[in-house]
Each structure stands twice: as structure tokens, then as C-alpha cells.
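Hi everyone, thanks for coming. Please have a look at the picture that's about to come up, and then I'll walk you through what I found.

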Amino acid sequence: MASSGVSCGYSLAGFVIDPYRCHDQWRDLVRGGSCFSVGVIGDMYMNPYFNLRFTPSIHFGDKKFKFREQATGEEFITNVRSSYLNFPLDVKYTALRLNNYRPYLIGGIYGSVDIGRKKGNPILLKSTDFGFEFGLGCDIYLPYFKLCPELKFCFGLVNLLEKDRPDLVDQANIKYTDALSKATSRMVILTFNFE
């Protein structure tokens with residue numbers, strides 16, 4: 001048995017940043033941003049407690065990088081706008097229903113593709129990412145549909161920092177890319193599913 005639905009949500013996206021030790025003159029102050037997302041839900045019933053879920057969605061948002069030079073105090077800010085197509089495949093474990101509520105845990109893997117990537121920015125992120133995610137939520141049974149607020153935590157496994165930058169018009173901006181060695185994504189997503 002399968003079911004479907006739609007989702008909308010809000011997320012906070014950020015990075016785990018590794019600076020190069022030889023570039024201690026720069027300090028990264030801000031790395032992250034917020035996103036709005038919409039998606040669809042495909043749910044396959046496996047048994048009374050487990051479901052397999054495929055929930056493709058698109059995330060619209062931007063991420064901010066702010067650098068400050070230690071010696072002079074000079075600051076540089078750049079925004080990286082993105083539109084990610086996200087393809088999570090999760091297993092949902094649901095507890096027993098209590099009245100009109102049924103809490104659940106969810107976990108799985110995801111892949112994503114940035115369809116809004118623009119070259120020429122001082123910081124450029126790779127177009128594909130993958131990782132794992134886990135979260136929790138609650139099925140709330142209403143008269144005509146099921147509302148499912150859900151909180152998920154996503155951990156990217158790919159170094160998204162693009163180091164080969166022939167696209168830069170002003171090659172002086174390569175110093176911002178060179179100041180970092182690694183950037184892996186982290187995201188917290190609050191979603192409201194309607195099934």
C-alpha cells in the first residue's frame with residue numbers, strides 16, 4: 001500500500017569549515033543561511049511500524065560567508081545563492097497510535113543537486129552533495145488529512161568547496177577560496193507534511 005502528500009518547510013543551512021593553517025590572517029565569522037522548501041511525499045507501507053519514504057523537495061536559499069583579516073580588521077562578505085533539488089530516501093519507524101497522535105522516528109540517506117549555482121562568486125560550491133539524515137515527528141490525524149510536523153538533521157559527506165576557479169574574473173578573490181580547505185554541509189529542517 002502506498003500513499004502520497006505534499007510538504008513545505010523552513011531550514012537553517014550551514015557548514016563545517018576547515019581553514020588552512022597557513023592562512024591564519026583570515027577568520028571566518030559567519031557561514032550559513034536559511035532556506036524555504038517545498039516537496040512531495042511518496043510513502044510505501046512495509047508493516048504496521050515501518051514505512052519507506054521518498055520525499056523529493058527543492059530548497060531555495062542562500063549561505064553567507066564573512067571573512068575578517070586579523071591584522072587590519074578588513075571584512076569581506078559574500079552570499080552564495082542556491083536552489084537545491086533534494087532526494088531523500090528514509091525509513092520511518094512509527095510508534096503505536098494514541099488517540100489522534102502517532103510519534104515517529106525517521107532516518108536515511110539523501111542526494112542533492114544545486115540547479116541555481118552561479119560561477120564567478122568568490123566562494124563557489126560544488127553542484128552535488130550526499131549524506132545522511134535523521135529526525136523525529138508526529139502524525140496528527142485530522143478529519144480530512146494527516147498533518148505531520150517533522151524535524152530533521154542532515155549531515156553532508158562531500159567537501160563542497162570548489163578549489164579549481166578559472167571562472168573568477170578577478171583572480172585576487174581566489175584568496176577567499178584559498179583561505180579554506182573544506183566545507184561540508186549541515187542542515188536543520190522543520191517540515192510540515194500534509195498526507
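Let me start with a small puzzle: is Asp62 buried, partly exposed or exposed? Asp62 is partly exposed, because its relative accessible area is 21% and the buried class ends at under 20%. Keep Asp62 in mind, since we'll come back to its partner in a moment.

Before that, the overall view. What you're looking at is a predicted model, so please hear everything I say with that in mind. The chain has 195 residues, and 44% of them are buried. There are nine strands and one helix. If you walk along from the N terminus, you pass eight strands in a row, then the helix, then a final strand. The C-alpha trace spans about 60 × 25 × 25 Å along its principal axes. And here's something I like about the contacts: if you take those between residues at least 6 apart in sequence, 68% join residues at least 24 apart.

Okay, back to Asp62. Its side chain meets that of Arg81 in a salt bridge, 3.6 Å from N to O. Asp62 is in strand S4 and Arg81 is in strand S5, so this pair ties together parts that are 19 residues apart in sequence. Arg81 itself is exposed, at 59% relative accessible area. If salt bridges are new to you, the idea is that side chains of opposite charge can pair when their charged atoms come close.

How many salt bridges does the structure hold? The count is 12. One of them joins Arg53 and Glu195, with the closest N and O atoms 3.2 Å apart. Arg53 sits in strand S3, residues 50-54, while Glu195 is in the segment after S9, so this bridge ties together parts that are 142 residues apart in sequence. Now compare the surroundings with what we just saw. Arg53 counts as buried, at 1% relative accessibility. Glu195 is buried too, with a relative accessible area of 19%.

Another salt bridge links Asp139 and Lys146, where the closest N and O atoms are 3.8 Å apart. Both Asp139 and Lys146 are buried. And these two bridges belong to something wider: Asp43, Arg53, Lys92, Asp139, Lys146 and Glu195 are linked in a network of salt bridges.

Now for the nonpolar side of the story. In soluble globular proteins, nonpolar side chains tend to be buried together. Here, the largest nonpolar core has 15 residues, and the ones touching the most other members are Phe15, Phe65, Phe67, Ile123 and Leu125. Strands S1 (2-19), S4 (57-69), S5 and S9 (180-194) each supply at least two residues of this core. Which strand gives the most? S5 does, with three residues.

There is nonpolar material on the outside as well. The accessible surface of the chain is about 10400 Å², and carbon and sulfur atoms account for 63% of that. On it you can find a nonpolar patch of about 940 Å², whose members include Phe54, Phe87, Leu89, Ile109 and Phe132. Strands S5 (75-94), S6 (101-114) and S7 (128-141) each bring at least two residues to the patch, and S7 gives the most, with three. Take Leu89, in strand S5: its relative accessibility is 41%, so Leu89 counts as partly exposed.

Last stop: the cysteines. A disulfide is a covalent bond between the sulfur atoms of two cysteines. How many does a search of the whole structure find? Zero. For Cys8, the nearest cysteine sulfur is that of Cys148, and it is 12 Å away. Cys8 is partly exposed, at 31% relative accessible area. Why is Cys148 not bonded to Cys138? The sulfur of Cys138 is the closest one to that of Cys148, but at 8.1 Å it is too far for a bond. Cys148 is buried, at 0% relative accessibility.

One residue connects to both Cys8 and Cys148, and that's Thr191. Thr191 is in strand S9 and is buried, at 9% relative accessible area. Leaving aside neighbours within four places in sequence, its contacts are Ser7, Cys8, Gly9, Cys148, Pro149 and Glu150.

That's my tour, thanks for listening!

Methods: Residues are numbered from 1 along each chain as its sequence is written. This is a predicted model: local features need pLDDT of at least 70, side-chain atom pairs count only at pLDDT 80 or more; totals for chains, interfaces and linings use all residues. Side-chain values use heavy atoms; hydrogens and water are left out. Patches are made of residues with over 30% relative accessible area and no salt bridge: like charges are joined within 9 Å, nonpolar side chains (Val, Leu, Ile, Met, Phe, Trp, Tyr) within 5 Å. Accessible areas come from the Shrake-Rupley method with a 1.4 Å probe; for residues, only the protein chains shown count as cover. A salt bridge is a side-chain nitrogen of Lys or Arg within 4 Å of a carboxyl oxygen of Asp or Glu. Helices (H or I, at least four residues) and strands (E, at least two) are DSSP runs, numbered from the N terminus. Buried means under 20% relative accessible area, exposed over 50%, partly exposed in between (1.4 Å probe, protein chains only). A nonpolar core is a set of buried Ala, Val, Leu, Ile, Met, Phe, Trp, Tyr and Cys residues joined through side-chain atoms within 4.5 Å. Contact means heavy atoms within 4.5 Å. A disulfide is a pair of cysteine sulfur atoms within 2.5 Å.
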